[in-house]
Structure formats: C-alpha cells, structure tokens
Amino acid sequence: MAMKRNGKSPVSSDPDEQVMFFKDVSLGPHETQLRFRLIHFWEARNPVKKTLIGLEMLLIDEQGTVIQGFIPPGRIKKYLPDMKRGSVYKLINFYGSKNKPVYRVADHVATVSFAWNSEMSVLREIPISFDEDRFRFHSYEDFEANCDLKGDLYDVVGHMKLVDGQTLIERPSLDHAKIATSRHIMVHVQSHKGPVMKLYLWDQAATDFCEKFNSCENTPTVLLVTTVNTKRLGAGTLALTSMSSTRVFMDYDVQPTRDYFTWLGSNPEIANQVSADVITKRETLSIAEIFSYMTQESAKAAFFECTATIDDVVHGYPWYYIGCSGCHSKATNGPSSLICTNPKCEKVNTYGVAQYRAKISVYDNSEQAFFVLLGDAGRELTGRHASELVSSYFEANKSEGADHEVPVPEALISTIGQTHKFCVKVTDHNFSGNTRAITVTKILSLDPTPPTEASVRNDIAAMSEEAAQTGNDVCGPLKGRGVSGDEESKRMCSSADPETAKRPRCEN
C-alpha cells in the first residue's frame with residue numbers, strides 16, 4: 001500500500017478504493033479519500049462585522065468518529081447545491097487544518113478543510129453503514145467549569161420546566177410570529193436531577209423550537225439542544241445560549257431523547273416538580289454591585305433584586321404617562337383620537353389610561369441611585385393605580401385644563417423613608433450612557449412567606465413578562481459604555497419617555 005506525503009497509511013474498506021478514517025486525519029494536505037455522513041452545516045460569520053467566514057460542517061465516518069469540516073467562502077457555491085443533511089458523501093483531496101480554539105463542536109484536533117482541488121460527490125450506493133448522529137453530553141459541573149471560556153460547545157438533554165414562562169401543565173401557546181420578531185425564546189430545562197438551567201434559544205434555533213413544539217401532537221417534555229454556549233448572567237447565574245450550529249430535538253426525535261423520555265416516565269415525581277425558588281429566583285445585589293456590574297465589558301441585560309430605602313420622589317419630572325388602554329404602550333395625539341405607538345397593538349384608535357413612570361431616589365448601605373417605577377410596580381408601592389390618582393386630582397381641581405401637569409401625589413410622597421425589596425432590570429440603555437436610572441419591574445415583601453401554588457404561578461408569570469420585555473437584550477450584542485460611576489442620570493431611556501403628563505383623553 002502506497003504511503004502518502006504526510007506519512008499516514010490510508011485504510012482500505014473497499015477493494016477498489018483507498019479510504020482514510022477520521023481518526024487518522026492529521027494536519028497538512030491529504031490526497032486520499034474520506035467517506036462520511038453530513039450531520040449538519042451552518043454559516044460562520046464574524047460576530048462584529050457579520051461578514052461570512054465560511055461554511056462549517058459536522059461530519060461522521062463509518063467508525064462513528066466525528067470531525068468538523070470547513071469550506072472557505074470562495075468555494076461554498078461549488079459544493080452547497082449538492083449538500084443535504086443526512087446524506088453520505090466521499091471527498092477526495094483535502095487539507096487537515098488545526099481545529100479552532102473557540103466554539104469547538106468536535107473533539108478531533110483537526111478540521112477537514114476543503115482545498116482548491118477537493119472533489120466531493122454523493123454516495124448513491126453505500127457499501128457500509130453510517131451512524132445518524134453523535135452527541136457530546138456533559139454534566140452541570142462541566143458547564144460551570146467551561147462557563148465564559150468560549151471553548152467547547154456541548155450538548156444538553158433534559159426535561160422542560162417552563163417554556164416562554166409557561167408551565168407544561170397546560171400546553172403552552174407559542175406565537176410563531178412573535179418569536180420570529182423577538183428572535184428568541186427562553187426555556188427552563190433540568191437534566192435528570194441537576195439544577196434547573198435557563199436556556200436561551202436565538203434566531204433559527206428559536207424558530208426550530210417553536211415549529212417542533214407546535215407540531216407535536218402531545219405536549220413535548222424532553223428537549224435536546226446541541227452546541228450550547230455557557231455564560232454567566234447577572235451576578236453569576238449560569239445560562240445556556242444557542243449558537244448558529246445549534247440543533248433542536250424533542251421527545252422521540254433521536255435515541256437520546258427517547259432514552260430520556262423512558263427514564264422520565266419511570267420517575268414521574270421529578271417531571272412534576274416546579275420549584276419557585278429555583279425557577280424564579282433573581283440574583284440579589286447591592287446598588288454598588290449593580291453599578292459595578294454595569295461597567296463590566298461582559299455585562300448583558302439582566303434582572304436583579306435589591307433592597308433599598310426610598311430617599312425622595314423626584315419633582316419636576318412627569319410621574320406618569322398616558323398609555324394605550326390595550327397594551328399600555330405610550331399613546332400619542334392623532335387627528336381625532338389617541339394613537340398607540342406600538343405597531344403590534346391591534347387598537348388603531350385608543351383611549352388613554354394613566355400609567356406610572358415615577359422617578360425615585362433610593363439608597364442602601366453601599367450607594368445611592370435613581371429607580372424608575374413602571375406600571376404595576378408603582379401600584380405595588382402605593383396601593384393605588386396611577387389612573388385613580390390622576391382622576392382624583394382632576395375631580396378635586398375641576399378648574400384645571402386638560403394640559404395641566406398633575407403634581408406628584410401624596411400616595412408617592414408618603415413612601416419616603418420606606419424600605420422595600422425591588423426587582424430591577426438593567427438594559428442596554430444603562431450600558432450605552434443614555435441613563436444610569438434603573439427600571440423597577442416588581443416590588444416584593446421583605447419577609448416572604450413560604451411559596452404557595454398561586455404565588456408560584458404569579459412569580460412564573462412575572463418572569464415570563466420580564467423575559468418578553470428584555471427580548472434580545474438578554475444575550476444580544478454589547479453597546480458602548482460612556483457614563484462614569486458618579487454621574488447622575490440626566491435623561492431617561494428613550495423607549496419609555498412619555499409625553500408631558502396631562503389629563504388623559506378618554507376617546508374611543
């Protein structure tokens with residue numbers, strides 16, 4: 001048998017053709033033949049400039065060895081028309097390049113790179129059998145050890161606890177159009193008896209998940225997601241995020257999901273557990289720690305809990321805005337009625353309802369900050385709806401016109417000196433320098449009682465709303481930083497700025 005230039009001896013599994021197995025692929029040029037099943041392929045793009053780097057592939061040979069493949073951008077058009085996931089091919093002439101150090105999807109040290117003289121063709125008659133797939137499962141401890149290292153992308157299989165904030169007790173309703181617009185969906189998943197983890201699916205992975213979930217006759221419970229990246233969110237919460245190479249499987253799609261489904265059926269008490277502490281717990285930080293987090297280069301939009309005392313209610317600043325009666329988005333004056341600014345809202349002509357947007361000064365033992373109370377958070381603090389307070393003022397001051405600005409009510413002023421546990425969210429606006437004011441989404445009791453079934457449902461609903469509000473901010477691209485640690489907020493998040501507070505116009 002002839003020796004090749006790299007010193008490797010090709011293996012012959014066919015009397016007429018010399019075939020090299022993946023385990024023998026080394027660095028450098030090869031003139032021999034490979035035979036493999038194409039498991040998956042995807043575009044690799046520069047994360048900043050979004051330019052095409054090439055086409056990456058996951059390949060498996062007849063011995064069950066998995067290796068990564070790569071086609072440079074200038075050669076993609078030559079091979080892409082004949083590429084089909086699951087088909088078997090032979091490749092003559094290739095280059096063994098070093099496997100990339102970041103976001104690896106295979107253990108092999110080499111990558112099969114298509115060279116100028118590579119020739120790939122479909123094997124119509126397959127003389128031997130090829131495995132359909134191969135997965136790389138690791139434990140929760142492995143995910144923790146590899147968190148934020150941008151190294152290996154592992155696969156995860158488990159049972160779903162929440163889908164888009166909804167339990168599986170009643171089949172969740174997934175809006176395909178909404179998910180396609182937001183480009184993400186969050187799933188809480190637990191692997192065997194390990195901790196519940198937050199799994200963020202993005203772009204194509206989110207779309208694939210939605211299509212599979214909605215197409216299942218019965219509510220799916222088992223989920224397998226390939227090549228997930230592990231990240232730390234907030235003050236250290238472990239989260240899994242999908243990549244462009246990610247694939248999604250459920251219940252009976254592949255053997256590992258079938259095996260897990262069988263195991264889950266033998267342990268129904270595990271499938272029925274819903275832990276409010278695990279699923280809805282937010283990281284608890286001081287104000288100083290939140291500000292420190294906002295300065296980190298790796299910071300993403302996140303939710304926290306913070307115990308603070310109200311020092312003042314900011315005057316000379318609109319404490320409410322006029323929102324759409326349907327979706328509560330800002331409403332603007334139209335020719336004859338109010339118009340909702342939310343393009344997804346079905347109400348073309350709406351009537352205005354006053355919603356909280358009060359700015360308060362708070363402090364704890366570490367720092368002072370400005371918090372902004374939105375919607376229900378203001379009601380939870382004062383015990384009264386903003387619309388009720390506005391109506392009461394105009395009833396007591398009938399001579400005031402519709403354009404009169406309502407002063408800060410006593411219901412807000414009386415909260416000065418109170419200490420509360422605030423659920424807050426940090427967004428891209430806090431990173432970009434637009435504002436250091438932090439949005440409050442919910443106010444919790446300082447002495448929580450043991451969770452009841454109803455409180456679990458309420459907390460889950462709140463987390464679902466928070467996830468929907470955050471959207472791409474959870475793991476999206478970073479913005480620039482531009483605000484010093486001691487600079488006071490001078491302007492608020494532009495997406496929440498209402499018009500000057502006025503008497504609501506009640507029009508249909």
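These legends describe close-up views of a predicted model.

**View 1. Confidence varies along the predicted chain.**
The protein has an average pLDDT of 78, and 78% of the residues score at least 70. Strand β15 (residues 248–250) has the highest confidence, at 96. Strand β1 (residues 11–14) has the lowest, at a mean of 42. Over residues 1–15 the pLDDT is below 50, and this stretch has 32 contacts beyond near neighbours in sequence. Residues 450–457 also stay under 50. For residues 450–457, the model has four contacts beyond four places in sequence.

**View 2. Helix α10 buries one face.**
The helix spans residues 386–396. Its buried residues are Ala 386, Leu 389, Val 390, Tyr 393 and Phe 394. Seen down the axis of α10, these buried residues fall within an arc of 130°, so they line one face of the helix. An α-helix has 3.6 residues a turn, so residues three or four places apart point the same way. Glu 395 and Ala 396 are exposed, on the face of α10 turned away from the buried side. The cover over the buried residues includes β18 (320–324), β21 (352–363) and α11 (410–413).

**View 3. Leu 389 sits buried in α10.**
Its relative accessible area is 8%; that is under 20%, so Leu 389 counts as buried. Beyond four places in sequence, Leu 389 touches Trp 319, Tyr 356, Arg 384, Pro 409 and Ala 411. Glu 410 is 21 residues from Leu 389 in sequence. In space, the C-alpha atoms of Leu 389 and Glu 410 are 9.3 Å apart.

**View 4. Trp 319 belongs to the largest nonpolar core.**
This core has 43 residues. Those with the most contacts inside it are Ile 290, Trp 319, Phe 371, Leu 373, Leu 412 and Phe 422. Strand β17 (residues 302–313) gives the largest share, six residues. A second, separate core has 27 residues, including Phe 143, Val 163, Ala 206 and Phe 209. In soluble globular proteins, nonpolar side chains tend to be buried together. Back at Trp 319, contacts beyond four places in sequence include the α10 residues Ala 386, Leu 389 and Val 390. Trp 319 also contacts Val 406, Pro 407, Val 408, Pro 409 and Leu 412, among others.

**View 5. Strand β9 is largely enclosed.**
Ten of the ten residues of β9 (residues 154–163) are buried, so the rest of the structure largely encloses this strand. β9 pairs with strand β11 (residues 184–190) in the antiparallel sense, over four bridges. Leu 162 has His 188 in β11 as its bridge partner. β9 also pairs with strand β10 (residues 166–167), again in the antiparallel sense, over two bridges. Here Val 163 stands opposite Gln 166. Val 163 is also one of the residues of the second core.

**View 6. Three residues with positive phi lie in turns and loops.**
β9 and β10 form a hairpin with two residues between them. In that turn, Asp 164 has a positive phi of about 55°. Lys 50 has a positive phi of about 65°, although it is not a glycine. Lys 50 lies in the loop between β3 (28–45) and β4 (52–60). Asp 148, another non-glycine residue, has a positive phi of about 65°. The loop that holds Asp 148 runs between α2 (140–145) and β9. Asp 148 is partly exposed, at 40% relative accessibility.

Note on methods. Residues numbered from 1 in each chain as written. Predicted model: local features only at pLDDT ≥ 70, side-chain atom pairs only at ≥ 80, totals over all residues. Heavy atoms only, no water. pLDDT = per-residue confidence, 0-100. Contact = heavy atoms within 4.5 Å. Buried < 20%, exposed > 50% of the residue type's maximum accessible area, 1.4 Å probe, protein only. Pairing = 2+ DSSP bridges. Arc of directions from axis to C-beta. Core = buried A, V, L, I, M, F, W, Y, C linked by side-chain atoms within 4.5 Å.
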